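Hi,

Here's the structure I said I'd pass along. Have a look at it first, and then read on for what turned up.

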Amino acid sequence: MPPTLRLRTLHRIAQAFALALLALALAACGRAEAPRQPVGVEQRRAEVAVPGLAWASEPAMVGTADGARVYVAGASGVDEIEWASGAVRRIDGAELVRGGDAPLWIRRGPPMTAQWPGSAEVALPEGVETWQLALAPDAAVPLVSRVAHREIVLDGWRADGARAWHVELPGRGYEVRLVAHLGDVVLVQAAGAHDEVDGWTGLTIALDAATGAERWRQAPRGERSPVAHHAIARGDEVALVYEDQVDVVARADGALRRRVTMDKAWMSIADQVGFDGDVVWSFQHEPPHDNPGSHMIGTFPREPSPARCTYLVYDTRHDRGRAVRTEADATGPAREWLVDCTAHALLPLAGGGAQLLVVPEDGVLQAIWFDRAP
């Protein structure tokens, strides 16, 4: 082969090799995983002795959005713990319920009343479903109640105990399953009929929290249930947590902005769920319990099950299809609390932060503040 032709051939081979390397590099970039979201950093901590607080009693805990106080359900009432002073105040005869992520307690009555920090007792009319009392303490109308055994009927209540509005929305044949107070908006989701051809029918309605006026409405249809388990607002977005996915929608009109899939369904039953705009996280505490054997002859009780904590974090900016962090991935002191399950609650705070509540020993409650989910 002449020298000139040999050089041209080698040059073409080198070009082809370089192009192949470039293609491989571009393909690798396309498959590169999105950067991991930053992990929360501890800000401060506090500890308070709470008389009668026992690790095994599984008390419900709900905190204020600013992290200044927490409310713990007891046998005969609710304990209010103020972290700055260490004061513990008993609210006798009250029952702590979850009005979203804000503290809310009720008295069965009659009449049944609801109350929250800074409010008067709100006398609820007969038929209100206590499991659907949606609370947003900073809103002009902070409480919304769902009327049982009716179509889509809701009431808005002021902090002085006066009813602000009463709405009865078109939706015959639909069952309301989610009422979430998101500050200026009340989100209502209802499920209708299901058939083998069209799947589920549903309604998603956004109401003005101050007036009860309808802002927007959607009628989803498909194989997936149209009702989310949790709805959490952050800025102009709302994270809707379903069984196997999270939809991030616009608060203004419900338009879908992002969708991520989940490889675990624990978030749907979690006690606490938070959303900071980047990630959505959940925490579920299961107390220790006995494992009795069956009643068959020759079997014996099994060893008791220890407490279990399940912590999941999903990236809502990139659909990874799996959790980016679990209790086993936590770092620093948070890892010990989550893995050993001395953590009892992880409460969402305003601005995207989180407050971890730990019971290191009976009668002691400790709070650790993080700037975001740990």
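Below is a quick tour of the empty spaces in this model. Keep in mind that the model is predicted.

Let's start with the open spaces. The largest pocket has a volume of about 1300 Å³. Its lining takes in 49 residues, and the closest to the centre are Gly-100, Asp-101, Ala-102, Leu-135 and His-181. Several strands give two or more residues to that lining, among them E6 (95-99), E7 (102-107), E10 (128-135) and E14 (175-181). Sorted by class, the lining of this pocket comes to 28 nonpolar, 12 polar and nine charged residues.

The second largest pocket holds about 250 Å³. Here 19 residues make up the lining, with Gln-218, Leu-240, Tyr-242, Val-249 and Gly-254 closest to the centre. Strands E15 (185-195), E17 (214-218), E20 (237-241), E21 (245-250) and E22 (256-261) each give two or more residues to it. The class split for the second largest pocket is 11 nonpolar, four polar and four charged.

Now for the closed space. How many cavities of 30 Å³ or more are there? The count is one, and its volume is about 50 Å³. Its lining consists of Met-61, Val-62, Arg-98, Gly-100, Asp-101, Asp-271, Gln-272, Leu-347 and Pro-348. Strand E2 (61-63) and strand E29 (343-348) each bring at least two of the lining residues. By class, the cavity lining has four nonpolar, two polar and three charged residues.

One last thing to look at: Gly-100 and Asp-101 line the cavity, and both also appear among the residues closest to the centre of the largest pocket.

Cheers

Methods: Residues are numbered from 1 along each chain as its sequence is written. This is a predicted model: local features need pLDDT of at least 70, side-chain atom pairs count only at pLDDT 80 or more; totals for chains, interfaces and linings use all residues. Side-chain values use heavy atoms; hydrogens and water are left out. On a 1 Å grid over the protein atoms alone, a cavity is a set of points where a 1.4 Å probe fits but cannot get out, and a pocket is an open set with protein on both sides within 12 Å along at least five of seven lines; lining residues have an atom within 4 Å of a point. Grid points are joined across faces, edges and corners, and a volume is the space filled by probe spheres set on the points. Helices (H or I, at least four residues) and strands (E, at least two) are DSSP runs, numbered from the N terminus. Ala, Val, Leu, Ile, Met, Phe, Trp, Tyr, Cys and Pro count as nonpolar, Asp, Glu, Lys and Arg as charged, and the others, Gly among them, as polar.
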